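Please open the model in your viewer and set the side chains to be shown, so that each stop of this tour can be selected in turn.

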Amino acid sequence: MAGNLQLLGTVATAVVFIVWCHRVRTNADVFAQDVCTRSPGWAIGAWFIPVGNLWLPFSIAREIRTASAQTTPDGSWRKVSHAPIRAWWTAWVAALLVNRFGSTMEKNATTPDALQRAADVVVLADALNLAAAALAVLFVRKLTAMQDLKATHGPVAAV
């Protein structure tokens with residue numbers, strides 16, 4: 001039951017997050033048309049490409065963050081740190097890999113000890129998922145604030 005509730009929560013959150021990704025990607029074209037190399041549709045589709053979903057959404061997120069950055073008064077780009085995106089993405093991919101490893105261990109477990117070790121690995125994956133979720137919330141809040149500032153105050157507002 002807990003696993004089903006977790007799956008339901010994950011799917012609901014993923015839908016909302018992907019819709020948000022499309023929206024901020026569309027906004028990025030308004031702010032800087034030449035920064036993003038993929039169309040807004042890729043902000044949705046990239047998540048569904050096997051293997052490509054391990055780096056394409058990350059690449060798109062970096063471009064969106066760059067396009068959403070304020071410019072300096074002379075028109076040059078302000079440098080924005082991609083550390084928040086890297087931290088979120090690293091935690092998320094690590095959670096996927098550890099979860100896959102734990103699931104494989106669970107399928108192959110033939111003793112109670114082996115089953116316990118598999119459960120421990122799955123708990124680690126859940127902890128990584130929680131960390132990734134917290135980092136994603138920070139990323140969403142910061143990027144939304146960056147886009148709001150740029151939309152309401154123009155490209156050279158004080159940051």
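The tour below goes through aromatic pairs and then cysteines in what is a predicted model.

Begin with the aromatic side chains, among which 10 aromatic pairs are counted. Select Trp-20 and Phe-139, whose rings form an edge-to-face pair with 5.7 Å from centre to centre and 85 degrees between the planes. Because Trp-20 belongs to helix α1 (residues 2-31) and Phe-139 to helix α5 (residues 112-153), this pair ties together parts that are 119 residues apart in sequence. Both partners can be checked for burial: Trp-20 is buried at a relative accessible area of 14%, and Phe-139 is buried at 3%.

Next select Trp-88 and Trp-89, an aromatic pair that is likewise edge-to-face, here with 5.1 Å between the centres and 80 degrees between the planes; Trp-88 and Trp-89 are both buried. Now widen the selection to Phe-17, Trp-20, Trp-47, Phe-58, Trp-88, Trp-89, Trp-92 and Phe-139, which ring pairs link into a cluster.

Finally, turn to the cysteines and select Cys-21 together with Cys-36. Why does Cys-21 form no bond with the closest cysteine sulfur? The sulfur of Cys-21 lies 12 Å from that of Cys-36, which is too far for a bond, since a disulfide requires the sulfur atoms to be within 2.5 Å. Seen from the other side, Cys-36 is in no disulfide, and its nearest cysteine sulfur is that of Cys-21. Cys-21 is buried, with a relative accessible area of 10%, and Cys-36 counts as buried at 11%, while the disulfide count for the model comes to 0.

Conventions:
Residues numbered from 1 in each chain as written. Predicted model: local features only at pLDDT ≥ 70, side-chain atom pairs only at ≥ 80, totals over all residues. Heavy atoms only, no water. Phe/Tyr/Trp six-rings, centres within 6.5 Å; stacked < 30°, edge-to-face > 60°. Helix = DSSP H or I, 4+ residues; strand = E, 2+ residues; numbered from the N terminus. Buried < 20%, exposed > 50% of the residue type's maximum accessible area, 1.4 Å probe, protein only.
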